[in-house]
Amino acid sequence: MAKFDTNIAPEDIKSVNTPQSIDSVETGAIQRLLEELQTKQLDLETQRQTLMEALEDLEESRNCYAALYDFAPVGYVTFDDRGCIQEINLTGASLIGKERSLLIGTPFCSLVIKSDLKLFLNHLRNCRRFNQKVVTELSLVTKNSSPVQVQLLSVPIQIAGKNISRYRTIITDITERKMLEKELSRLERLNLIGEMAASIAHEIRNPMTTVSGFLQLFKCSKEFMNHKENLDLMLEELERANSIISEFLSLAKNKVVNLNYHNLNTIVKALYPLLLADALRTGKNIKLELGDIPDLLVDEEEIRQVIFNLFNNGIQAMSFEGTLTIKTYVDSEAVVLAVQDQGTGIQPDLMERLGTPFLTTKENGTGLGLTVCYSIAARHNAIIKVKSLPRGTTFSVRFRLA
């Protein structure tokens with residue numbers, strides 16, 4: 001039988017078995033657990049606070065991205081493999097002129113003008129075929145039916161696990177850029193003509209003066225009395241050629257401009273009697289609608305030339321009893337001189353070439369009248385805009401306010 005140690009002191013037995021010692025041990029353990037729990041709770045609260053701050057930052061970033069996406073200076077569009085709009089930002093919807101919700105699911109082909117439809121289809125086809133970005137310029141039909149020239153830059157994207165293509169596209173409005181390119185091209189042509197005018201016009205006029213002098217001498221001679229009609233005809237043609245050269249010289253790039261402050265209304269009123277007489281002579285009418293405008297720094301003689309040229313073009317474009325209206329007004333940041341006729345309008349193919357030297361539809365026209373107007377406008381830091389309808393054409397010369 002095993003033996004046990006019986007030499008245990010009574011006080012040891014008491015210390016182990018008393019309720020007080022048990023309570024002390026339990027209280028200490030509970031205290032430690034409470035401290036650990038409080039520490040964990042503080043850690044969790046700190047983590048929760050950090051997570052909330054991260055969520056707020058994420059929400060702010062998302063809102064910032066959404067604002068940047070929606071109000072970017074260009075349109076962002078996502079097309080499906082059929083060319084339908086899956087997503088579009090507010091700028092793109094505004095460019096097209098329709099609500100974004102109405103554009104989702106719309107085939108983009110329906111927004112492209114018919115003549116450029118093949119360009120868009122080839123754009124998507126090339127993007128899919130070559131798997132790289134493709135750039136195409138075409139025109140869209142907007143809500144107000146006026147075409148807008150845009151540039152499409154598309155890149156293909158693949159959906160994971162699916163053989164389906166998507167196209168992310170940037171739409172940029174290039175209408176203004178195209179207008180500036182046309183204006184720059186027009187100015188380059190004017191500069192070329194101006195350089196030619198400065199170099200050869202005087203050289204042409206000198207021999208013409210000699211020929212004209214001898215013809216007038218022959219006209220006074222008895223020996224050429226029988227040729228008087230022919231001599232008169234030659235002198236008239238020389239005079240007409242001289243007037244063309246005078247117009248040609250006004251295109252000179254280095255032409256001196258005498259700028260002073262004048263009011264367009266005063267210039268128009270001074271010309272009105274002469275213009276009215278010319279209009280009545282051809283059975284036409286002329287009307288003035290002069291607004292309250294400030295003085296401008298202009299060359300009076302050149303402005304008179306612009307008014308004469310636009311007046312003559314308008315009068316000749318109208319039928320009997322037509323009315324030509326000359327207007328002046330302030331529009332936005334420009335003073336506008338507008339000449340409006342009641343003719344049949346300008347053919348679309350000619351609209352693109354207006355201002356081209358020697359372009360004319362008149363039987364005896366020189367094709368320099370409008371060219372001179374564009375040249376004078378350029379020297380005055382002004383621009384000429386044309387609006388042509390079947391019931392008439394309006395030429396507006398816009399002078400920028402200082």
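How many aromatic pairs does the count come to? The answer is five, and keep in mind that we're looking at a predicted model here.

Let's pick out one of those pairs, F108 with F120. A pair of aromatic rings is described by the distance of the centres and the angle of the planes. For F108 and F120, the centres sit 5.0 Å apart and the planes make an angle of 45 degrees, which puts the pair in the tilted class. F120 belongs to helix 5 (117-130), while F108 lies in the loop between helix 4 (100-103) and helix 5, so this pair ties together parts that are twelve residues apart in sequence. Are these two rings buried or exposed? F108 counts as buried because its relative accessibility is 0%, and F120 counts as buried with 0% as well. There's a third ring to look for too: F79 is linked with F108 and F120 into a cluster through ring pairs.

Now for the outside. L51, M52, L55 and L58 make a nonpolar surface patch of about 380 Å². To find the patch, head for helix 2 (residues 19-70), which holds L51.

Further along the chain there's a sheet. Strands of a sheet pair through backbone hydrogen bonds, either parallel or antiparallel. This one is open, has five strands in the order 7-9-10-12-11, and its pairing is mixed. Strand 7 (285-290) and strand 11 (382-389) are at the edges with a single partner strand each, so one side of each has no neighbour in the sheet. From one strand to the next, the twist averages 15 degrees. Strand 11 pairs with strand 12 (residues 392-400) in the antiparallel sense, over eight bridges. If you'd like a spot to zoom in on, try I383, which stands opposite R398 in strand 12.

How values were computed
Residues numbered from 1 in each chain as written. Predicted model: local features only at pLDDT ≥ 70, side-chain atom pairs only at ≥ 80, totals over all residues. Heavy atoms only, no water. Patch = residues over 30% accessible without salt bridge, like charges linked within 9 Å, V, L, I, M, F, W, Y side chains within 5 Å. Areas by Shrake-Rupley, 256 points an atom, 1.4 Å probe, with all protein chains shown as cover. Salt bridge = Lys/Arg side-chain N within 4 Å of Asp/Glu carboxyl O. Helix = DSSP H or I, 4+ residues; strand = E, 2+ residues; numbered from the N terminus. Phe/Tyr/Trp six-rings, centres within 6.5 Å; stacked < 30°, edge-to-face > 60°. Buried < 20%, exposed > 50% of the residue type's maximum accessible area, 1.4 Å probe, protein only. Pairing = 2+ DSSP bridges. Axes fitted to C-alpha atoms, helices over the stretch in contact; angles between N-to-C directions.
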